[in-house]
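Colleague: I would like to learn how to read a model of this kind, feature by feature. Could you take me through it?

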Amino acid sequence: MPSHCPDESARARVKQDRDRLYVSTIHRSSFRILTAVAIKKALLKLGYSDVYHGYTAATENPRDCEMWLDAMAAKWDGAVTDIPAAVFAKELIEAYPEAKVILTNRNAEEWHRSVQTALLKNVFHPWSSVVDTLAILTRSPNRFTRKMFIRAFTDYFQGDFQLHGVSVYESHYKMVRKMVPRENLLEYQIQDGWDHYANSWERISPNLGIGK
């Protein structure tokens, strides 16, 4: 049988749309696995530099299975709190529209002062950069921690946490309240304790029993 190689116009179209492609077929039989392999080969011919296939994890890089297990645990079993997850609030709510959301409330000015005193003073301290350099040189598991916090507290807060911290905090809360359906949102005042919210929490997630 003659091979069907894509022409240059097809390659150009794929190059424009490359980031959009996801083949969502679930393969289980030998025939369908062979079909998936054929699709992978075709996509490589079309100009994709890499095509991730189930066998990529199973045979080429088995450690990927560990990563996928973590991803599945996050999808079905997990919860996230605090930064860095909080800077992806919009994306997470869009990805999981049925998720239950707890919004912990406190005075924005007090929160702003607390973050600067308890966290950022240490993160941006000159000695922290020295420790950071040593961590990188020794390939410490913590070598990316400071960089992560700096990126989060810089980019998410419009380049200047001291100047924009309060306004971004308030905008963040408005966004969450607008995006999350009322029945999925628990507004939590920290000083009240969990007992105060037992009924509300039971309404949102009745199987956990938190607050009892």
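**Exposure, confidence and local geometry**

Modeller: Start with Asp160, which is partly exposed, its relative accessible area being 33%. This is a predicted model, and every value I give is computed from it. Asp160 sits in the loop between H8 and H9. Leaving aside neighbours within four places in sequence, Asp160 is in contact with Thr154 and Gly165.

Colleague: How many helices and strands does the chain have?

Modeller: The chain has ten helices and two strands. Along the sequence they follow the pattern α-α-α-α-α-β-α-α-α-α-β-α. Of the 212 residues in the chain, 26% are buried. Counting contacts between residues at least 6 apart in sequence, 54% join residues at least 24 apart.

Colleague: How should I read confidence, and which element has the lowest mean pLDDT?

Modeller: The general idea is that where pLDDT is low, the predicted coordinates should not be read in detail. Here the mean for the chain is 77, and 74% of the residues reach 70 or more. Among the elements, helix H1 (residues 8-17) has the lowest mean pLDDT, 47, and helix H9 (residues 161-179) has the highest, 95.

Colleague: Over which residues does pLDDT stay under 50?

Modeller: One such run is residues 10-18, for which the model has ten contacts beyond four places in sequence. Another is residues 28-34, where pLDDT also stays under 50 and the model has six contacts of that kind.

Colleague: Next, helices. How do I find the buried face of one, and which residues of H7 are buried?

Modeller: An α-helix has 3.6 residues a turn, so residues three or four places apart point the same way. Helix H7 covers residues 126-137, twelve in number, and reaches 17 Å from its first C-alpha to its last, close to the 16 Å expected at 1.5 Å a residue. Ser128, Asp132 and Ala135 are its buried residues. Seen down the axis of H7, the buried residues fall within an arc of 60°, so they line one face of the helix.

Colleague: What covers that face, and what does the face turned away from it carry?

Modeller: The cover over the buried residues of H7 includes helix H6 (108-123) and helix H8 (145-155). The face turned away carries the exposed residues Pro126, Trp127, Leu134 and Leu137. After H7 comes Arg139, whose phi is positive, near 55°.

Colleague: Take one residue from the buried side: is Asp132 buried or exposed by its number, and what does Asp132 touch?

Modeller: The cut-off for buried is under 20% relative accessible area. Asp132, in helix H7, has 12%, so Asp132 counts as buried. Not counting residues up to four places away in sequence, Asp132 touches Arg143 and Arg146.

Colleague: Now backbone geometry. Where is there a cis peptide bond?

Modeller: The place to look is omega. A cis peptide bond joins Ile83 and Pro84, with omega about 15°. Pro84 lies in the loop between H4 and H5.

Colleague: And which residues have a positive phi without being glycine?

Modeller: Asp82 is one of them, with a phi of about 70°. Asp82 is found in the loop between H4 and H5 and is exposed, with a relative accessible area of 58%. Gln158 is another, its positive phi being about 55°. Gln158 belongs to the loop between H8 and H9, and Gln158 too is exposed, at 55% relative accessible area.

Colleague: How do I read a pocket, and what is the volume of the largest one?

Modeller: Take the volume, then the lining, then the elements that supply the lining. The largest pocket has a volume of about 1500 Å³. It is lined by 41 residues, and those closest to its centre are Val80, Thr81, Asp82, Val101 and Ile102. Helix H4 (63-76), helix H5 (89-95), strand S1 (101-105), H6, H8 and H9 each supply at least two residues of the lining.

Colleague: One last feature, separation in sequence against distance in space. How many residues apart in sequence are Glu98 and Asn184?

Modeller: Glu98 and Asn184 are 86 residues apart in sequence, and 7.4 Å apart in space from C-alpha to C-alpha. Glu98 lies in the loop between H5 and S1 and is exposed, with a relative accessible area of 62%.

Key:
Residues numbered from 1 in each chain as written. Predicted model: local features only at pLDDT ≥ 70, side-chain atom pairs only at ≥ 80, totals over all residues. Heavy atoms only, no water. pLDDT = per-residue confidence, 0-100. Helix = DSSP H or I, 4+ residues; strand = E, 2+ residues; numbered from the N terminus. Contact = heavy atoms within 4.5 Å. Expected span 1.5 Å × (residues − 1). Buried < 20%, exposed > 50% of the residue type's maximum accessible area, 1.4 Å probe, protein only. Arc of directions from axis to C-beta. 1 Å grid on protein atoms, 1.4 Å probe; cavity = no way out; pocket = protein on both sides within 12 Å on 5 of 7 lines; lining within 4 Å. Points joined across faces, edges and corners; volume = space filled by probe spheres on them.
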